[in-house]
Amino acid sequence: MAALLMRALTAAGYDVRLVSRLRSFSQEPDAGVYQDLKSTAGAEAWGLVADWSAPDVDWRPDCWLTYHPYYKSPDWIGPDVCARLGLPYFTAEASYAAKRDEEPWAIWQADVVSAVRGAAASFCFTARDKEGLESLAPLAGPLVDLPPFIDPSQIPERERRPSKAAPRIGVAAMMRPGNKLESYIVLSQALQMLLDVPWRLGIIGDGPARADVLSAFSPIPPDRIDWMGELEPEAVVDALGACDLYVWPGVGEAYGLAYLEAQCVGLPVVAQDTGGVSAVVLHGETGWLTPPGDLAAFADAIRRLLLDADLRNAMGDAASRFVREQRNVGMAATILGETIGAMVGQRGAGG
């Protein structure tokens with residue numbers, strides 16, 4: 001998504017540069033790691049300020065945008081640089097949950113809160129994220145809706161498979177402990193309820209929880225599953241294009257770009273209505289969103305699309321139109337350009 005944001009900003013007419021590769025992420029709230037990361041970030045901020053304050057500098061930014069600051073990955077560079085140089089500071093997909101205000105993440109979260117409260121504007125990808133940031137009021141700048149998007153120009157339209165063929169279900173997800181593994185388990189449980197109808201599953205993905213995923217799917221006849229492993233992005237699109245529907249429970253998903261990619265090639269989606277999934281799937285139009293934890297409803301939604309080729313095709317066509325017309329780089333460029341342009345003013349040699 002960070003790369004897509006840079007592409008959209010470039011399309012909006014900005015000279016976009018990645019000026020820091022510091023990874024501020026920490027899996028655990030270790031006080032020593034916090035101090036080390038914050039110190040390293042502070043030194044990097046000072047270096048950028050010095051470079052951009054030089055009288056003969058050939059490039060200097062007009063503003064700063066940070067993608068996805070949250071309690072495990074605060075931004076300690078952007079706010080400092082912007083304060084010292086008098087630049088507008090923007091965030092995209094910042095998130096806040098009040099439960100992280102307590103120890104052991106309190107100091108990490110406090111730095112995220114400070115950055116968001118001082119931002120000239122924050123771009124929100126989902127209603128859930130927006131609600132979280134609204135609770136931090138008063139804010140220095142507005143919260144701007146920026147729906148998740150992809151670049152459909154990089155995804156060719158597919159030829160529809162013969163309706164008489166056994167429907168092929170596609171899924172693309174890493175095999176990691178936690179929410180991903182839980183989604184795989186739910187998917188297997190649902191498909192075990194559908195062994196009376198024809199289908200074939202193509203699983204794209206690999207990872208440290210592969211053995212657990214294989215175990216979860218062991219009750220399903222092996223000739224119904226193609227284990228495709230981890231694929232390059234172009235190959236993922238090709239593999240999805242050979243499917244008829246995309247099914248992924250989405251436990252704990254922020255929103256899931258894979259849903260947009262699948263819809264772009266013309267696949268209807270079945271998912272649970274969790275997290276920010278409703279920001280990328282239109283229930284009843286481009287797919288079905290079922291109540292979280294309702295396995296029967298999830299399986300029934302899959303069954304309905306498996307048995308009705310006309311419905312699959314209609315929803316798939318709507319899904320492709322939705323992404324190609326409404327969730328593209330041009331849409332994002334317009335929102336980003338209008339918001340940032342109004343606050344930055346005339347664009348010069350900077351970016």
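Which residue stands opposite Val144 in S4? Phe123 does, and the pair belongs to a sheet described below. The model is a predicted one, in which local features need pLDDT of at least 70, side-chain atom pairs count only at pLDDT 80 or more, and totals for chains, interfaces and linings use all residues. Residues are numbered from 1 along each chain as its sequence is written, and side-chain values use heavy atoms, with hydrogens and water left out.

Helices (H or I, at least four residues) and strands (E, at least two) are DSSP runs numbered from the N terminus. Strands of a sheet pair through backbone hydrogen bonds, either parallel or antiparallel. Here two strands pair if DSSP finds at least two bridges between them.

One open sheet has four strands in the order S1-S2-S3-S4, with parallel pairing. Strand S1 (64-67) and strand S4 (143-145) stand at its edges, each with a single partner strand, so one side of each has no neighbour in the sheet. From one strand to the next the twist averages 20°; angles run from 0 to 180 degrees between N-to-C directions, and axes are lines fitted to C-alpha atoms, for helices over the stretch in contact. Strand S3 (residues 121-124) runs parallel to S4 and is joined to S4 by three bridges. Across S1, strand S2 (89-92), S3 and S4 lies helix H12 (residues 329-344), running at about 175° to S3.

The other open sheet to follow has six strands, ordered S7-S6-S5-S8-S9-S10, again with parallel pairing. Its edge strands are strand S7 (225-229) and strand S10 (287-290), each of which pairs on one side only. Neighbouring strands of this sheet are turned by 20° against each other on average, direction ignored. Four bridges join strand S9 (residues 269-272) to S10, and the two run parallel; Val269 stands opposite Gly287 in S10. Helix H8 (residues 233-241) packs on this sheet and touches strand S5 (168-172), strand S6 (200-204), S7 and strand S8 (245-247), with its direction at about 170° to that of S6. Contact means heavy atoms within 4.5 Å.

Next come the helix pairs. Helix H2 (residues 31-53) and helix H3 (residues 78-85) pack at an angle of about 35°, their axes 9 Å apart. H2 passes H3 in a right-handed crossing (the near helix is turned clockwise from the far one by less than a right angle; anticlockwise would be left-handed). Ala45, Trp46, Leu48, Val49, Trp52 and Ser53 of H2 make the contact with Asp80, Val81, Arg84 and Leu85 of H3.

Helix H9 (residues 257-264) and helix H11 (residues 309-326) pack at about 115°, with their axes 7 Å apart, and their crossing is left-handed. Leu260, Gln263 and Cys264 in H9 meet residues of H11 including Gly316, Ala319 and Ser320.

Cys264, Gly316 and Ser320 also appear in the lining of the second largest pocket, as do Glu157, Arg158 and Asp317, among others. H11 gives the most to this lining, with five residues. The volume of the pocket is about 150 Å³. A pocket is an open set of points on a 1 Å grid over the protein atoms alone, where a 1.4 Å probe fits, with protein on both sides within 12 Å along at least five of seven lines; lining residues have an atom within 4 Å of a point. Grid points are joined across faces, edges and corners, and the volume is the space filled by probe spheres set on the points.
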